[in-house]
Amino acid sequence: MLAALVFIALCMHPAHGQTCTEGFAFDRRIRQCIDVDECRSMPDACRGDMRCVNQNGGYLCLPRSLYNQPYRPETPAQPDPAYSDTALGFADTFPASPPRSVEPSYPRVRGTAQCILGYVVAEDGTCNDIDECETNSHHCNPTQVCINTSGGYTCSCTEGYWLIGGQCQDIDECRYGYCQQLCANVPGSYSCSCNTGFLLNLDSRTCQDVDECADEPCSHGCFNTYGSFMCNCDEGFELQEDGTNCKDLDECGFSDFLCQHRCVNTPGSFSCICPPGYYVYEDGRSCEDINECDTGNNTCTTAQVCFNFQGGYTCLDPLQCPLPYIEVSENQCMCSAENPACRDKPFTILYRHMDLSSGRSVPADIFQMQATTRYPGAFYIFQIKSGNDGREFHMRQTSNVSATLVLSRPITGPRELVLDLEMVTVNNVINFRGSSIIRLTIFVSEHPF
Ligand SMILES: [Ca+2]
Ligand SMILES: [Ca+2]
Ligand SMILES: [Ca+2]
Ligand SMILES: [Ca+2]
């Protein structure tokens with residue numbers, strides 16, 4: 001565009017005793033050299049599609065197209081928002097630069113010249129271009145760069161600057177969105193950078209997400225996200241405040257009721273344990289009694305009877321009836337009515353065993369007694385004869401012939417209690433009074449399960 005600027009000078013013509021420089025004529029009336037309007041005085045000042053523009057001391061031939069587009073520095077065309085692929089190709093997308101020339105300069109003419117303005121006669125008589133830039137005879141602004149042309153020169157701005165008001169001013173590339181994310185304008189250039197979590201692409205303008213997971217920043221799972229990443233933890237672990245490390249969850253700390261007996265925290269999980277004599281049930285939390293008598297894991301001899309209870313077992317020795325009692329079955333002793341030594345003693349002693357959980361809620365019916373033989377006119381009295389020193393039990397008659405042993409106070413184990421439960425038979429018709437005993441051994445467990 002600038003190359004299209006052509007400036008041509010007129011030959012000097014003397015004027016009646018006064019000599020003016022080229023492009024001027026002497027006006028006798030005012031006795032001064034005044035500008036010649038070459039566009040009017042020369043029919044063929046400019047050729048072709050050039051338009052003649054008169055200047056003080058010369059004239060310009062400008063392409064008509066250029067001449068018809070006035071320069072508007074305040075409204076530069078918007079840059080193409082799309083990014084160019086070339087690293088420094090933004091010149092393509094710059095707003096249309098205004099003509100970078102300033103007022104063309106006209107070298108002074110020395111003496112008679114056979115060459116047009118801008119040329120000088122060489123020794124061989126030809127016309128050589130004057131390098132105004134080299135000879136420092138240009139009038140470029142200090143902020144501009146002088147570029148020599150055939151017959152003249154132009155003043156131009158370096159890359160990253162544009163001409164505004166005759167001065168080369170830095171282009172604020174940031175204002176035009178040259179960077180995708182962060183932009184820093186500097187004189188003559190600009191630089192792009194990216195937010196945290198992004199990386200500048202090779203085009204020096206756009207940013208791409210960093211896949212932080214590639215560096216395995218998480219102790220367990222990692223999810224890459226646009227501009228960041230997220231860690232997650234395996235089941236049984238929780239993310240720590242640093243967002244990357246996983247810490248074991250202390251499930252036992254959540255609740256005291258997670259395990260029936262005791263909770264043991266483990267990395268990523270937990271487990272319940274039970275006291276000796278129990279095993280952990282299928283639910284992983286409850287404790288179930290081991291029946292040592294069924295499993296055979298006991299120390300009872302063949303002569304003994306194994307008795308299982310909650311949390312343990314015991315070996316019962318074979319029944320040995322104290323004299324004068326005689327054994328009538330494997331768990332019953334009898335004192336014969338015919339034997340005088342038996343007169344004031346209970347007629348039978350029945351041996352029974354039961355187990356009871358520690359801390360069982362009260363009141364609780366725990367044992368039933370019932371008369372097995374009934375005599376006409378007889379009635380029965382049920383009572384606890386011995387073993388109830390702590391008054392944990394009482395007897396409640398439920399019918400004429402039956403009664404229930406009631407636990408009335410909480411009892412804690414491990415404990416072994418022996419209660420003699422007596423059934424007194426009274427028959428006033430035949431003036432009979434006799435008794436039978438149930439010797440009940442109660443194994444109270446240590447744990448409430
Ligand atoms: Ca700049
Ligand atoms: Ca990312
Ligand atoms: Ca755990
Ligand atoms: Ca057991």
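The following exchange asks how some of the terms used for this predicted model are justified.

Biologist: What makes E16 and E17 paired strands, and in which sense do they run?

Modeller: Strand E16, residues 221-225, and E17 are joined over five bridges in the antiparallel sense, and since pairing requires at least two bridges, the two strands pair. Within this pairing, Asn 224 stands opposite Phe 229 in E17.

Biologist: What lies between E16 and E17 in the hairpin?

Modeller: Two residues separate the strands of the hairpin, and Gly 227 in the turn has a positive phi of about 90 degrees.

Biologist: Why are Phe 229 and Cys 231 called buried, whereas Ser 228, Met 230 and Asn 232 are not?

Modeller: A residue is called buried because 20 or more other C-beta atoms lie within 10 Å of its own; Phe 229 and Cys 231, which point to one face of strand E17 (residues 228-232), are buried by that criterion, while Ser 228, Met 230 and Asn 232 point to the other face and are not. Across the protein, buried residues make up 20% of the 449 residues.

Biologist: How do you know which residues are covered by the annotation "domain: EGF-like"?

Modeller: That comes from the UniProt record, an unreviewed entry, which places the annotation on residues 129-169, 170-208, 209-247 and 248-288, and such annotations may be inferred rather than shown by experiment. In the model, residues 209-247 are 0% helix and 41% strand, with end C-alpha atoms 28 Å apart.

Biologist: How many helices and strands does the protein have?

Modeller: The protein contains four helices and 34 strands.

Terms used. Residues are numbered from 1 along each chain as its sequence is written. Chains are lettered from A and ligands numbered from 1 in the order in which they are written. This is a predicted model: local features need pLDDT of at least 70, side-chain atom pairs count only at pLDDT 80 or more; totals for chains, interfaces and linings use all residues. A residue is buried if 20 or more other C-beta atoms lie within 10 Å of its own, exposed if 12 or fewer, and partly exposed in between; C-beta atoms are placed from the backbone.
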